[in-house]
Amino acid sequence: MKGFKNSKIYIRGEGVKILDIAIENGKITKIGENLDISEPYSVKEGSIVVPAFIDEHIHGAAGSDVMDASYNALCDISDELAKEGTANFLATTMTQSEENIISALSCVKEYMVKGRTKGANLLGVHLEGPFISENHIGAQPLKYLSEPNSEIFKKYYKASGNAIKMITLAPEEPEANKLIKNIVKRGVIVSVGHSDAGIKDIDSAKKSGLTCVTHTYNAQRGLHHREIGVVGSAMLMDELYTEIICDLIHVSEPAIRLLLKTKPKDKIILITDAMRQKGLKDGISELGGQKVIVKNGEARLYNGALAGSVLKMNDAVKNMVTKCGVPLTDAIDFASFNPANNLRIADKTGSIAVGKDADITVLDEKFNVGLTLSKGNVIYKRK
């Protein structure tokens, strides 16, 4: 039987303990002491065994992007994510022509039907745009913006093989609430982002089914004392999940600390929002047909606008702990249990517990990834 023997293991709700984990048929079957583990995984001294990460907002890595609409591109992204401890992810699209979005979604459908077991597991799609505001366009191409449209969404949903799990939109746009109500009936998570919404818009959308805030602080209406906007609503409304890009570039350390102070800790979600240059050297890259300059860990359009990140999830966890003062176990939850809860898959993954998928990551004392398992399969092992 495979598993972990006498290892430091983070068990949510109990803390870090020295325990054994038994794994069979991709599931965690036993957690305890003196278990019969005939094939234990090697764990470097000082390392900790934690639930593998979930990235619900990732556009690309290793030179590939979801919008490439290529099976091989999705393989590249999946393999790269495994190196940073991520075992599950949502392939995130961006605002583009209807034709290009459908091509990307069809490719995700193909990938999921084939059922590839290598690399991080593709859970489905995060549809970011095109139903967003031109006032907070960020790095999304302006010419492809579209008002919320239920019929167009149906096309996208069908093209994906019903695999759209999450959508980012601007709830203040015409017909947005109608679209939100239609989407949530399909079990899709609705998140506000690239939005100029005020608190009344957010409150109305929340009643329609909105539950999340996309890359909090970025590409959204900020906090003002007479209109608290998207950022203020994210802080005020405890029930909303809040994504955060913890690269200390998109959001400053004080801003992250402020969010941590105002939100329940079970509503913080770490994301990377990474683009194709992640895992590669600095240089000229591309996002949605736009040239991007990647230098010193920053990805920007020629006009200076941030264009996603090159952040790795283990580094996001590290920054939370070493720069923002978050306890390690909370930072791990931000990258595993909380996104699992948001995506409504916490019964299957997101924490180390009997009966759940053996989605497990081993981190050393410097937050380097030594091993990543997805459903019990070794998808990355550091040499």
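**Close-up views of two pockets, a strand residue and two helices**

**View 1. The second largest pocket of this predicted model.** The second largest pocket has a volume of about 210 Å³, where a pocket is an open set of points on a 1 Å grid over the protein atoms alone at which a 1.4 Å probe fits, with protein on both sides within 12 Å along at least five of seven lines, and a volume is the space filled by probe spheres set on the points. Of the 13 residues in the lining, Ser42, Val43, Lys44, Gly370 and Leu371 are the closest to the centre, and lining residues are those with an atom within 4 Å of a point. Strand 20 (360-363) and strand 21 (369-374) are the elements that give two or more residues to this lining, strands being DSSP runs of E with at least two residues, numbered from the N terminus. By class, the lining has five nonpolar, four polar and four charged residues, with Asp, Glu, Lys and Arg counted as charged, Ala, Val, Leu, Ile, Met, Phe, Trp, Tyr, Cys and Pro as nonpolar, and the others, Gly among them, as polar. The model is predicted, local features need pLDDT of at least 70, side-chain atom pairs count only at pLDDT 80 or more, and totals for chains, interfaces and linings use all residues. Residues are numbered from 1 along each chain as its sequence is written, and side-chain values use heavy atoms, with hydrogens and water left out.

**View 2. The largest pocket.** The volume of the largest pocket is about 280 Å³, and among its 18 lining residues Gly138, Ala139, His194, Leu306 and Gly308 lie nearest the centre. Strand 19 (residues 306-309) gives the most to this lining, with three residues, and the classes are eight nonpolar, eight polar and two charged.

**View 3. Ser64 in strand 8 (residues 64-65).** Ser64 is buried, with a relative accessible area of 6%, buried meaning under 20% with a 1.4 Å probe and protein chains only. Leaving aside neighbours within four places in sequence, Ser64 is in contact (heavy atoms within 4.5 Å) with Ala73, Asp76, Ile77 and Arg276.

**View 4. Helix 1 (residues 71-82).** Helices are DSSP runs of H or I with at least four residues. At 1.5 Å a residue, the 12 residues of helix 1 should span 16 Å, which agrees with the 17 Å between its end C-alpha atoms, the expected span being 1.5 Å times one less than the number of residues. Among the buried residues of helix 1 are Ala73 and Ile77. At the start of helix 1, a side-chain oxygen of Ser70 reaches to within 3.2 Å of the backbone nitrogen of Asn72.

**View 5. Helix 9 (residues 328-335).** Helix 9 is mostly covered, since six of its eight residues are buried, namely Asp330, Ala331, Ile332, Asp333, Phe334 and Ala335.

Key: Buried < 20%, exposed > 50% of the residue type's maximum accessible area, 1.4 Å probe, protein only. Polar contact = N/O pair within 3.5 Å; in protein donor to acceptor, adjacent residues only side chain to side chain.
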